[in-house]
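Colleague: Before we look at the coordinates together, could you take me through how you would read the sheet and the charged pairs?

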Amino acid sequence: MTDVPEPPADLPVVPGDLPVVIVGGLHADARKAAVERLLTDVPGSVVLHHDLATAAAGTVVRTVRDATGVRSAGEAPLVNDCACCALREDLVPELERLAEAGETRLAVVELWDSVEPKAMAEVVTGGGLTVTGVITAVDPALVLPYLGNGDDLAEGGLAAAASDQRTVADTFARQLEYAPVLALVDSPEADDEDRELLAQLHPTARQVAIGHGDLVGAALAGFDVEAAAAAQHPACALLPTEADARGVTTLVWHRRRPFHPGRLYAALEDLTCAAARSRGRFWLAEKPDTLLHWDAAGGALCVESAGPWLASLPDAAWEMVPPVRRAAAALDWHPEHGDRCQHLVFTSPGLDREGLAGLLESCLLTDAEYAAGREAWERLPSAFDTLLEV
């Protein structure tokens with residue numbers, strides 16, 4: 001028989017000092033199960049939820065409830081035709097009201113389906129409140145289907161604003177990878193491959209079974225919003241490591257030589273479709289000072305500039321760079337190229353490691369091209385300008 005932790009009935013109530021845990025995820029049934037577990041296990045807890053599905057009517061519906069039912073409900077008007085913006089404007093004042101009342105032991109912020117936890121954690125901490133945990137609720141059987149879903153959120157009524165161009169796959173990937181805790185629903189449909197895929201996508205996450213794990217302990221473990229942001233930044237991201245188990249493979253491809261822009265561009269479709277999920281940082285021969293971010297899921301790729309490589313900056317500018325970025329660069333410094341590198345990670349069931357690695361290698365500068373030097377590299381055609389919206 002599995003031991004279930006005792007509810008923390010002695011969790012103190014301190015007026016003005018309210019612990020906040022954020023629970024999100026596109027897997028709505030799993031999310032709701034995690035929220036109900038927290039309500040049950042923490043007497044005096046409440047759930048604050050903003051329903052963005054009503055945005056078409058011009059408002060966001062807010063509800064506050066406890067284990068017995070709804071305590072209050074209200075509406076927040078859209079801000080600049082954006083439901084997510086309305087959530088941001090309304091969230092902190094509501095949490096402050098709960099804190100000042102001094103009757104709540106734990107505030108559970110249940111995010112609407114496509115809302116990403118990073119933005120909300122930063123809003124809450126920016127408002128002077130304490131986020132003690134960020135949890136993404138997951139059904140392991142749905143991980144691969146959601147990573148493979150390239151549909152726009154708008155097609156499923158999940159867009160947070162009229163201008164929202166995110167897809168189901170990339171939204172789910174960010175929800176999954178940002179949270180230090182994954183709350184897993186018991187899914188009879190999930191198999192060993194599903195669980196291995198989840199483990200390889202986010203190997204540092206603490207996985208907690210909703211039905212019999214210490215979800216309360218995870219919710220109160222503490223959360224560092226700056227460290228979480230750094231772990232997602234392309235320059236110092238905490239990327240998955242090499243793995244190969246239960247039919248799932250993670251390939252970590254690290255090289256120093258720059259990509260030939262034309263050959264890489266021609267290979268983008270094959271590279272994007274080679275894995276369920278891929279991400280990392282890379283550099284192009286004709287843009288040697290620009291750190292480029294690779295982010296792919298659902299058969300779609302997003303490439304964007306993440307600013308300069310540190311090696312391209314004058315020494316005086318280094319003081320303006322966050323310490324975690326400087327530390328990451330120092331650990332991977334090359335005497336010729338500095339922190340410039342190719343660091344791409346591909347995770348998928350049935351991954352063709354050799355074929356994928358060979359394709360990536362073919363996109364690098366050849367020996368002759370490399371020997372021609374930087375001036376020659378910078379004269380290569382800029383195949384990525386349209387993609388980068390230069």
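Colleague: In what order do the strands of the open sheet lie, and how are they paired?

Modeller: Strands of a sheet pair through backbone hydrogen bonds, either parallel or antiparallel. In this predicted model, 8 strands form an open sheet in the order β4-β3-β2-β5-β1-β6-β7-β8, with mixed pairing. Because β4 (69–77) and β8 (206–209) stand at the edges with a single partner strand each, one side of each is left without a neighbour in the sheet. From one strand to the next, the twist averages 25°.

Colleague: Which way do β2 and β3 run, and how many bridges join them?

Modeller: Strands β2 (residues 45–51) and β3 (residues 59–66) run antiparallel and are joined by 5 bridges; His-50, for instance, has Arg-62 in β3 as its bridge partner. Helix α1 (residues 28–41) packs on the sheet, touching strands that include β1, β2 and β3, and its direction makes about 155° with that of β1.

Colleague: What does the salt bridge between Glu-110 and Arg-31 tie together?

Modeller: The closest N and O atoms of Glu-110 and Arg-31 are 3.0 Å apart, and since Glu-110 lies in strand β5 and Arg-31 in helix α1, the pair ties together parts that are 79 residues apart in sequence.

Colleague: Are Glu-110 and Arg-31 buried or exposed?

Modeller: Both Glu-110 and Arg-31 are buried. By contrast, Lys-118 and Glu-122, which form a salt bridge at 2.9 Å, N to O, are partly exposed, with relative accessibilities of 31% for Lys-118 and 32% for Glu-122; both lie in helix α3 (residues 117–126), 4 residues apart, about one turn of the helix.

Notes: Residues numbered from 1 in each chain as written. Predicted model: local features only at pLDDT ≥ 70, side-chain atom pairs only at ≥ 80, totals over all residues. Heavy atoms only, no water. Pairing = 2+ DSSP bridges. Helix = DSSP H or I, 4+ residues; strand = E, 2+ residues; numbered from the N terminus. Axes fitted to C-alpha atoms, helices over the stretch in contact; angles between N-to-C directions. Contact = heavy atoms within 4.5 Å. Salt bridge = Lys/Arg side-chain N within 4 Å of Asp/Glu carboxyl O. Buried < 20%, exposed > 50% of the residue type's maximum accessible area, 1.4 Å probe, protein only.
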